[in-house]
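Q: Got a minute to walk through this one with me? I'd like the basics before I set anything up.

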Amino acid sequence: MIDILKKNKLFFGMTEENITSILQCLGSRKKIYPKDDFIFLAGQSVPAVGILISGKAQVVKENM
């Protein structure tokens, strides 16, 4: 996974050690979502930043 993150602009130019250290400091975790599952719902408080490593995500805003 570190090899993928090294290609991300957020971690550009950083060593594996630096990336690993940052991820540990931020309390990062890997989470796998099943197809068609919701990651977040409108109105939820999300005290985190997510990085999509593989697959697709869709943002939908519905108006009633």
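**Quick look at the model**

A: Starting with Ile53: at 34% relative accessibility it counts as partly exposed, because that class lies between buried (under 20% relative accessible area) and exposed (over 50%), with a 1.4 Å probe and protein chains only. This is a predicted model, where local features need pLDDT of at least 70, side-chain atom pairs count only at pLDDT 80 or more, and totals for chains, interfaces and linings use all residues. Residues are numbered from 1 along each chain as its sequence is written, and side-chain values use heavy atoms, with hydrogens and water left out.

Q: Where does Ile53 sit?
A: Ile53 is in the segment after α2 (16–25).

Q: And how many helices and strands are there?
A: The protein has 2 helices and 0 strands, taken as DSSP runs (H or I, at least four residues; E, at least two) numbered from the N terminus.

Q: OK, overall shape. What's the radius of gyration?
A: It's 14 Å for the protein, while a compact globule of 64 residues would be near 11 Å. That uses C-alpha atoms and the rule 2.2 Å times the number of residues to the power 0.38. The C-alpha trace spans about 45 × 20 × 20 Å along its principal axes.

Q: How much of the protein is buried?
A: Buried residues make up 8% of the 64.

Q: Switching to Asp36: buried or exposed?
A: Asp36 is exposed, at 73% relative accessible area, and its place is also in the segment after α2.

Q: How far is Asp36 from Val49?
A: They're 13 residues apart in sequence and 20 Å apart in space, C-alpha to C-alpha.
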